[in-house]
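These are my notebook entries on what I looked up in this structure. I worked through strand pairing, the nonpolar core, one acidic residue and the aromatic rings.

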Amino acid sequence: QVQLVESGGGLVQPGGSLRLSCAASGTIFRIRAMGWYRQAPGNERELVAVVITSGSTNYADSVKDRFTISRDGAKNTVYLQMNSLKPEDTAVYYCNVDFQDLLGRRIDLWGQGTQVTVSS
């Protein structure tokens with residue numbers, strides 16, 4: 001069984017930085033994409049950033065030039081470096097992994113979420 005373990009959330013002042021990590025453990029045949037989403041109170045969950053197998057990345061307009069997503073393929077881990085944080089970045093951040101298992105089934109897995117609070 002594949003599990004995702006997230007870490008790195010917390011409280012930071014505006015303008016500060018945080019780094020989120022998400023490690024996938026278990027038997028995975030092939031990862032198609034790894035990404036981060038967020039959900040603020042009263043809002044729908046939205047894409048923050050995603051990296052696909054080829055290394056291509058995609059970002060929400062609101063985080064471009066401030067956030068960087070990266071992936072360590074050997075460790076099945078995805079990172080989100082968040083700089084110049086703003087109060088509007090406050091949300092629960094969720095890791096998502098799109099992968100194939102040994103039977104070829106495509107599975108979409110979510111982490112448990114980690115709280116990021118940007119406040120002075």
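Entry 1, sheet. In this predicted model, I looked up the open sheet of four strands and read its order as β1-β3-β8-β7, with antiparallel pairing. I noted β1 (3-7) and β7 (67-72) as the edge strands, each of which pairs on one side only. For the turn between neighbouring strands of this sheet, I recorded an average of 15°, direction ignored.

Entry 2, one strand pair. I then took β7 together with strand β8, residues 77-82, and found six bridges between them in the antiparallel sense. Which residue of β8 is the bridge partner of T68? I noted Q81.

Entry 3, core. I turned to the largest nonpolar core, which has 31 residues. Which of its residues touch the most other members? I listed W36, L80, M82 and Y93. The elements that give two or more residues to this core are β3 (18-25), β4, β5 (46-52), β7, β8, β9 (91-100) and β11 (114-118). I marked β9 as the source of the largest share, five residues.

Entry 4, D98. I stayed with strand β9, since D98 lies in it. Is D98 buried or exposed? I entered D98 as buried because its relative accessible area is 12%, under the cut-off of 20%. Setting aside neighbours within four places in sequence, I found D98 in contact with I31, R32 and A33, and also with R106, I107 and D108.

Entry 5, aromatic pair. I searched for aromatic pairs and found one in the structure. Its rings belong to Y37 and W110; the centres are 5.0 Å apart and the planes stand at 65°, so I classed the pair as edge-to-face, the angle being over 60 degrees. I placed Y37 in strand β4 (residues 30-39) and W110 in strand β10 (residues 106-110), so the pair ties together parts that are 73 residues apart in sequence. I also looked up accessibility for both residues. Y37 has 24% relative accessibility and therefore counts as partly exposed. W110 counts as partly exposed too, because its value is 33%.

Entry 6, charge over rings. Finally, I looked up R45. Its charged end sits over the ring of W110, at 4.6 Å from the centre. I further noted that R45 lies over the face of Y94, 3.7 Å from the ring centre. W110 thus appears twice in my notes, in the pair with Y37 and under the charged end of R45.

Technical notes: Residues numbered from 1 in each chain as written. Predicted model: local features only at pLDDT ≥ 70, side-chain atom pairs only at ≥ 80, totals over all residues. Heavy atoms only, no water. Phe/Tyr/Trp six-rings, centres within 6.5 Å; stacked < 30°, edge-to-face > 60°. Buried < 20%, exposed > 50% of the residue type's maximum accessible area, 1.4 Å probe, protein only. Lys NZ or Arg CZ within 6 Å of the ring centre and 35° of its normal. Pairing = 2+ DSSP bridges. Axes fitted to C-alpha atoms, helices over the stretch in contact; angles between N-to-C directions. Core = buried A, V, L, I, M, F, W, Y, C linked by side-chain atoms within 4.5 Å. Contact = heavy atoms within 4.5 Å.
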